[in-house]
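I opened my notebook beside a model I had not met before. Here is what I looked up, entry by entry.

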Amino acid sequence: FKECLRGPAVLFHLDWMKQTERLLKHLVSIDPDWGPGMVQFSLAIYYLGMPERYGGDMVESARSLDRAITLAPDSLLMRWGRAKYFHRKQRDREGFRQDLAWVLAQDPDRAGSPRRWNLYFQRDAQAMLARIDAWF
């Protein structure tokens, strides 16, 4: 949402995003642990990306990210996403650095996400850390 819709385009797509919220909440009602953690991760990104007046909620985003990490503790996606989206929005440089360092320290062949994605997450984490001053 944040990466694709900027400025006035956000207002034109709020109904579409609210449908996303309904879908995610329905998925939670069926199986909140599915994925593992993918529904919770998606909810976290939704709450983070939506403007507060339309349902965005940093507290709920943090809770959903924590739940996603609990459900998939060895997934690189969860910590990479928390660094890239949540910590940047919160201006939490140390949290950003810690999560990305954790991602880089993992064996891409043994981590809980698919190897091809693990390699991407690690390359992106390395690039983000190399430009940390530009992010903050």
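**Entry: helix α7**

Which residues of α7 are buried? I found N118, F121, Q122, D124, A125 and M128 buried there. I kept in mind that this is a predicted model. Next I looked for what covers these buried residues, and the cover includes α5, α6 and α8 (132-135). I also checked the length of α7: at 1.5 Å a residue, its 16 residues should span 22 Å, and the end C-alpha atoms are 22 Å apart, which agrees.

**Entry: the whole chain**

Stepping back, I counted the secondary structure of the protein as eight helices and zero strands. Read along the sequence, the pattern is α-α-α-α-α-α-α-α. The protein has 136 residues, and buried ones make up 38% of them. I then turned to contacts between residues at least 6 apart in sequence, and 59% of these join residues at least 24 apart.

**Entry: the cores**

Which members of the largest nonpolar core touch the most other members? Among its 22 residues, I noted M78, W80 and L100. The helices α3, α4 (58-71), α5 (76-90), α6 (93-105) and α7 (115-130) each supply at least two residues of this core. With seven residues, α5 gives the most to it. There is also a second, separate core of six residues, which includes L24, L43, Y46 and Y47. A general remark for my margin: in soluble globular proteins, nonpolar side chains tend to be buried together.

I followed L100 a little further. Leaving aside neighbours within four places in sequence, L100 is in contact with W80, A83, A125, M128 and L129.

**Entry: A83**

Since A83 turned up beside L100, I gave A83 its own entry. A83 lies in helix α5. Is A83 buried or exposed? Its relative accessible area is 0%, and the cut-off for buried is under 20%, so A83 is buried. Not counting residues up to four places away in sequence, A83 touches R88, F96, D99 and L100. I also looked at the pair A83 and A125, which are 42 residues apart in sequence and 8.8 Å apart in space, C-alpha to C-alpha.

**Entry: helix α3 and M38**

For α3 (residues 38-49) I repeated the length check. Its 12 residues, at 1.5 Å each, should span 16 Å, and the end C-alpha atoms are 16 Å apart, which agrees. The buried residues in α3 are V39, Q40, F41, L43, A44, Y46, Y47 and L48. Of these, L43, Y46 and Y47 came up earlier in the second core.

M38 is in α3 too. At 30% relative accessibility, M38 counts as partly exposed. Which residues does M38 touch, not counting those up to four places away in sequence? I found L77 and M78. M38 and A72 are 34 residues apart along the chain, and their C-alpha atoms are separated by 8.7 Å.

**Entry: the second largest pocket**

M38 appears again here: of the 14 residues lining the second largest pocket, M38, S75, G112, S113 and P114 lie nearest its centre. About 190 Å³ of space lies in this pocket. Both α5 and α7 supply at least two residues each of the lining. How many residues of each class are in the lining? I noted nine nonpolar, four polar and one charged.

**Entry: two backbone details**

I looked up the peptide bond between G35 and P36, which is cis, with an omega of about -20 degrees. P36 sits in the loop between α2 (14-30) and α3.

The other detail is R91, found in the loop between α5 and α6. R91 has a positive phi of about 60 degrees although it is not a glycine. With a relative accessible area of 52%, R91 is exposed.

**Entry: R93**

My last stop was R93, which lies in helix α6. How accessible is R93, and what does that count as? Its relative accessibility is 36%, so R93 counts as partly exposed. Leaving aside neighbours within four places in sequence, R93 is in contact with I132, D133 and F136. For one of these, D133, I noted the spacing too: R93 and D133 are 40 residues apart in sequence and 9.1 Å apart in space, C-alpha to C-alpha.

Terms used: Residues numbered from 1 in each chain as written. Predicted model: local features only at pLDDT ≥ 70, side-chain atom pairs only at ≥ 80, totals over all residues. Heavy atoms only, no water. Helix = DSSP H or I, 4+ residues; strand = E, 2+ residues; numbered from the N terminus. Expected span 1.5 Å × (residues − 1). Buried < 20%, exposed > 50% of the residue type's maximum accessible area, 1.4 Å probe, protein only. Core = buried A, V, L, I, M, F, W, Y, C linked by side-chain atoms within 4.5 Å. Contact = heavy atoms within 4.5 Å. 1 Å grid on protein atoms, 1.4 Å probe; cavity = no way out; pocket = protein on both sides within 12 Å on 5 of 7 lines; lining within 4 Å. Points joined across faces, edges and corners; volume = space filled by probe spheres on them. Nonpolar A, V, L, I, M, F, W, Y, C, P; charged D, E, K, R; others polar.
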